[in-house]
Amino acid sequence: MTTILLSYNEVQSVTRKAASGAGLPHGAADDIGHAAAWLSARGVDAVRTVVDALGDDERGRQAILRDQAAIDALCCGETEQVLLRDRNYGLLLIGLAGAAAMETGLNLAVQQVDGDVVPLARLSDAGGMLSAMKTLRLLPDNDAPVCSGSLRPMATDAVAYAAALGLAARTYVPASDLSRARGAGAGATDND
């Protein structure tokens with residue numbers, strides 16, 4: 001398996017564009033980009049995680065939007081917990097919660113199936129946590145420190161990166177005389 005190293009900005013950018021290309025609203029895609037950077041700082045191949053979660057089915061995108069709204073409700077205090085039921089999207093949702101915790105200054109924790117509570121701030125192996133997952137609960141945790149991560153992002157699989165670029169390409173304007181006349185591309189003369 002060939003891997004490539006990306007910067008956090010590249011991880012965030014390619015996953016945001018992939019989510020947008022998969023048909024998610026731009027705000028949700030932006031949140032997914034932040035979640036990918038958060039996951040990457042914790043040793044997860046975030047590009048692979050996002051590509052796998054987006055898939056090609058509408059059901060997956062709807063599940064992401066539904067659970068993303070539930071995480072927002074948790075952060076606003078409208079609900080006391082969020083259940084993470086689906087292993088296919090669970091890791092991305094943990095990333096969304098971690099990014100939300102960083103942005104809002106809230107402290108969130110994950111309660112595992114066995115009852116152990118792990119603060120997101122101390123989460124170093126999110127992928128390992130999901131290996132035996134049936135149901136996880138996101139909970140507020142007032143005693144946990146604010147989230148932090150590593151200096152370098154996790155390497156990503158080159159195949160996943162190519163798939164993310166393919167999803168992102170769905171947002172591109174096709175090259176034609178009409179698109180150029182309407183402002184796409186460099187135009188007839190590029191003299192800046």
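This section describes the overall make-up of a predicted model and the packing around helix 1.

The chain contains 8 helices and 6 strands. From the N terminus, the elements follow the order β-α-α-α-α-β-α-β-β-α-β-β-α-α. Of the 192 residues, 43% are buried. The accessible surface is about 10,000 Å². Carbon and sulfur atoms account for 50% of that surface. Contacts between residues at least 6 apart in sequence were also examined. Of these, 76% join residues at least 24 apart.

Two packed helices are described by the angle between their axes and the distance between the axes. Three such pairs, each involving helix 1, are taken in turn.

Helix 1 spans residues 8-21, and helix 2 spans residues 26-40. Their axes lie 7 Å apart and make an angle of about 145°. The crossing is right-handed. On the helix 1 side, the contact is formed by Y8, V11, Q12, T15, R16, A19 and S20. On the helix 2 side, the partners are H26, A29, D30, I32, G33, H34, A36, A37 and S40. The contact between helix 1 and helix 2 comprises 7 nonpolar, 7 polar and 2 charged residues.

S20 belongs to helix 1. Its relative accessible area is 17%, below the 20% cut-off, so S20 is buried. Beyond residues up to four places away in sequence, S20 touches H26, A29 and T171. Both H26 and A29 are among the helix 2 residues that meet helix 1.

Helix 3 covers residues 46-54. The axes of helix 1 and helix 3 come within 10 Å and cross at roughly 5°. The two helices are therefore roughly parallel. V11, V14, T15, A18 and A19 of helix 1 meet A46, V47, V50 and L54 of helix 3. This contact divides into 8 nonpolar residues, 1 polar residue and no charged residues. V11, T15 and A19 in helix 1 also appear in the contact with helix 2.

Helix 3 itself is mostly covered, with 7 of its 9 residues buried. The buried residues are A46, V47, T49, V50, V51, A53 and L54. Just after helix 3, G55 adopts a positive phi of about 50°.

Helix 7 runs over residues 158-168. Its axis and that of helix 1 come within 7 Å and cross at roughly 50°. Helix 1 is therefore oblique to helix 7. The crossing of helix 1 with helix 7 is left-handed. Helix 1 contributes V14, K17, A18 and G21 to the contact. Helix 7 contributes Y161, A164, L165, L167 and A168. By class, the residues of this contact are 7 nonpolar, 1 polar and 1 charged. V14 and A18 of helix 1 also meet helix 3.

The spacing of such contact residues has a simple geometric background. An α-helix has 3.6 residues a turn, so residues three or four places apart point the same way.

A further contact involves helix 2 residue H34. Its partner A99 lies in helix 5, residues 87-104. With a relative accessibility of 6%, A99 counts as buried. A99 and H34 are 65 residues apart along the chain. Their C-alpha atoms are separated by 5.9 Å. Leaving out residues up to four places away in sequence, A99 touches H34, A35 and W38.

Conventions
Residues are numbered from 1 along each chain as its sequence is written. This is a predicted model: local features need pLDDT of at least 70, side-chain atom pairs count only at pLDDT 80 or more; totals for chains, interfaces and linings use all residues. Side-chain values use heavy atoms; hydrogens and water are left out. Axes are lines fitted to C-alpha atoms, for helices over the stretch in contact, and angles run from 0 to 180 degrees between N-to-C directions. Helices (H or I, at least four residues) and strands (E, at least two) are DSSP runs, numbered from the N terminus. A crossing is left-handed if the near helix is turned anticlockwise from the far one by less than a right angle, and right-handed if clockwise. Contact means heavy atoms within 4.5 Å. Ala, Val, Leu, Ile, Met, Phe, Trp, Tyr, Cys and Pro count as nonpolar, Asp, Glu, Lys and Arg as charged, and the others, Gly among them, as polar. Angles under 35 degrees count as roughly parallel, over 145 as roughly antiparallel, 65 to 115 as roughly perpendicular and the rest as oblique. Buried means under 20% relative accessible area, exposed over 50%, partly exposed in between (1.4 Å probe, protein chains only). Accessible areas come from the Shrake-Rupley method with a 1.4 Å probe; for residues, only the protein chains shown count as cover.
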